[in-house]
Amino acid sequence: MPMESQSNLTCQNLPTLFSSFIDTFVDFSVSGGIFLPQKITSSNNNEPLQTIFPSPTRLIAIGDVHGDFQKSKQAFKLAGLIDEHDKWCGGSTTVVQIGDVLDRGGDELKILYFLEKLKREALKVNGNLITMNGNHEIMNVDGDFRYVTKEGIQEFKDWAFWYCVGNDMKKLCLGLEKDCVKDLFEGIPFEFRGVKPEFFDGIRTRIAALRPKGPISERFLSKNQTVVVVGDSVFVHGGLLTKHVDYGLEKVNEEVRDWICGVKRRVSRDLVRGSNSIVWLRKFSNELAKDCDCSTLEHVLATIPGAKRMIMGHTIQESGINGICDNKAIRIDVGMSKGCTNGLPEVLEIDKDKGLRILTSNPLYKNGKEGSFDAKRSDDRVLLHPEQGPKQVEVKT
């Protein structure tokens with residue numbers, strides 16, 4: 001290629017490269033120092049989200065983290081997934097984070113950026129980090145901010161400042177089409193009934209970032225699955241009913257994704273809204289085992305080929321991760337966020353050789369002690385080692 005042609009090609013690419021540089025600068029500014037260059041190529045929203053994954057040698061499930069960055073990192077360290085520099089060291093492990101990153105805490109964006117960073121690092125060594133939508137992700141895309149904290153509002157305001165700085169810088173780049181730089185707040189009102197005036201700017205920012213096709217919702221939440229099957233385990237934030245399986249698990253993921261991306265105007269209430277929807281259901285996660293519908297659970301699992309158990313978050317288990325219905329329902333939300341019950345981090349491990357175990361930071365189990373647990377609790381909740389009785393493993397953080 002002649003030197004002149006090479007020079008012209010480089011100049012033609014400068015606007016795109018400059019735009020990418022600005023996006024990376026904004027990411028670094030708002031993510032707590034995570035250097036995360038964006039991919040220049042845009043994602044194809046017509047590509048199906050993967051719903052069914054093969055059984056890995058090691059599988060880790062992490063519950064609701066609700067805006068608590070430190071507890072999120074503790075959970076990953078507990079499972080040996082990140083090192084002292086917060087980089088992926090989990091090898092080929094598959095991890096599922098069950099949703100509810102948003103609300104109740106002030107580090108929501110930091111966690112989103114952190115999870116995306118770990119996804120990229122894991123893929124390089126044949127690992128996998130699957131992130132899911134919880135009811136709080138859906139609520140925020142819907143503009144329902146009942147559980148947002150002041151710190152969460154401020155974090156999004158800080159992000160919006162840098163995002164707008166980035167847009168202003170892009171406008172200075174000759175050759176970059178002005179239509180590519182859209183007004184972040186287009187169509188959003190300046191005032192909101194029932195909201196104190198001092199929160200108007202924060203609410204506008206959150207709507208702008210998280211509405212369908214918003215910069216944060218499209219970049220992060222649209223990559224989330226709403227239901228996944230990994231080996232013989234079904235993962236879902238709230239729970240599945242037969243009607244959801246009949247609707248089609250792949251179809252569920254695609255329709256929720258298309259709504260978040262602004263391709264579809266709405267998504268069915270049966271999927272993501274209401275007490276019997278996928279992200280709100282509590283039929284199998286009530287802390288009282290007698291209130292859990294084991295018969296329905298068994299029927300649902302029977303309709304999913306190869307499924308042995310359903311793993312869910314959403315409902316805080318104050319006594320820690322536990323299983324009911326002969327371990328067909330495993331509940332992993334331990335309320336670890338400071339914005340919930342500030343519970344001690346625990347994660348579920350499913351190992352090809354070791355079976356199901358709970359990894360916990362609870363000092364009660366230090367040095368392998370089993371504490372006061374019996375093989376079966378008085379309310380029929382059991383820990384996840386049915387052949388040897390209950391056993392939890394402490395991993396120091």
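Two strands are said to pair if DSSP finds at least two bridges between them, and this idea of pairing will guide much of the tour through the model, which is a predicted one.

**The whole chain**

Before selecting anything, look at the protein as a whole, whose secondary structure comes to 11 helices and 12 strands. Of its 397 residues, 52% are buried. The protein exposes about 18,900 Å², and carbon and sulfur atoms supply 51% of that area. Among the contacts with a separation of 6 or more, 70% are between residues 24 or more positions apart.

**First stop: the open sheet**

Select β1, β5, β6, β7, β9 and β8, which in that order form an open sheet of 6 strands with mixed pairing. The edge strands are β1 (52-53) and β8 (322-324), each of which pairs on one side only.

Now select β7, residues 309-312, and colour its side chains. In a regular strand the side chains alternate between the two faces of the sheet. Arg309 and Ile311 lie on one side of β7 while Met310 and Met312 lie on the other, and all of these residues are buried, so that both faces of the strand are covered.

Next, add the neighbours of β7. Strand β6, residues 233-236, runs parallel to β7 and is joined to it by 4 bridges, and here Ser233 stands opposite Arg309. Strand β9 also runs parallel to β7, with 3 bridges between them, and the bridge partner of Ile311 in β9 is Ile330. Which way do β8 and β9 run, parallel or antiparallel? They run antiparallel and are joined by 3 bridges, with Gly323 standing opposite Ile330 in β9.

To finish this stop, select helix α11, residues 294-302, which lies across β6, β7 and β9 and runs at about 110° to β7.

**Second stop: β2, β3 and β4**

Move to strand β3, residues 94-97, where Thr94 and Val96 point one way, Val95 and Gln97 point the other way, and all of them are buried. Strand β2, residues 58-62, runs parallel to β3 with 4 bridges joining the two, and Ile62 stands opposite Gln97. Strand β4, residues 128-131, pairs with β3 in the parallel sense, again over 4 bridges, and Val95 of β3 stands opposite Leu129 of β4.

Then show the helices that belong with these strands. Helix α2, residues 69-78, makes a right-handed β-α-β unit with β2 and β3. Helix α3, residues 108-123, makes a right-handed β-α-β unit with β3 and β4.

**Third stop: two helices crossing**

Keep α3 in view and add helix α5, residues 150-171, and you can follow how the two axes come within 8 Å and cross at roughly 60°. The contact is made by Glu108, Leu109, Lys110 and Tyr113 of α3 and by Gly152, Glu155, Phe156 and Trp159 of α5. These residues divide into 4 nonpolar, 1 polar and 3 charged.

**Fourth stop: two loop residues with positive phi**

Most residues other than glycine have a negative phi. Select Asp103, in the loop between β3 and α3, whose phi is near 75°, a positive value in a residue other than glycine. Then select Asn342, in the loop between β9 (329-331) and β10 (346-351), whose phi is near 55° and therefore also positive.

Is each of these residues buried or partly exposed? Asp103 has a relative accessible area of 0% and so is buried, whereas Asn342 is partly exposed because its relative accessible area is 44%.

**Last stop: Pro345**

Stay in the loop between β9 and β10 and select Pro345. Why does Pro345 count as buried? Its relative accessible area is 1%, and buried means under 20%.

To see what surrounds Pro345, leave aside its neighbours within four places in sequence and display its contacts, which are Lys71, Gln74, Ala75, Leu78, Met336, Leu359, Thr360 and Ser361. Finally, draw a distance from Pro345 to Gly320: the two residues are 25 residues apart in sequence, and their C-alpha atoms are 8.9 Å apart in space.

Conventions. Residues are numbered from 1 along each chain as its sequence is written. This is a predicted model: local features need pLDDT of at least 70, side-chain atom pairs count only at pLDDT 80 or more; totals for chains, interfaces and linings use all residues. Side-chain values use heavy atoms; hydrogens and water are left out. Buried means under 20% relative accessible area, exposed over 50%, partly exposed in between (1.4 Å probe, protein chains only). Contact means heavy atoms within 4.5 Å. Accessible areas come from the Shrake-Rupley method with a 1.4 Å probe; for residues, only the protein chains shown count as cover. A crossover is right-handed if, with the strands pointing away from the viewer, the path from the first strand over the helix to the second runs clockwise. Axes are lines fitted to C-alpha atoms, for helices over the stretch in contact, and angles run from 0 to 180 degrees between N-to-C directions. Ala, Val, Leu, Ile, Met, Phe, Trp, Tyr, Cys and Pro count as nonpolar, Asp, Glu, Lys and Arg as charged, and the others, Gly among them, as polar.
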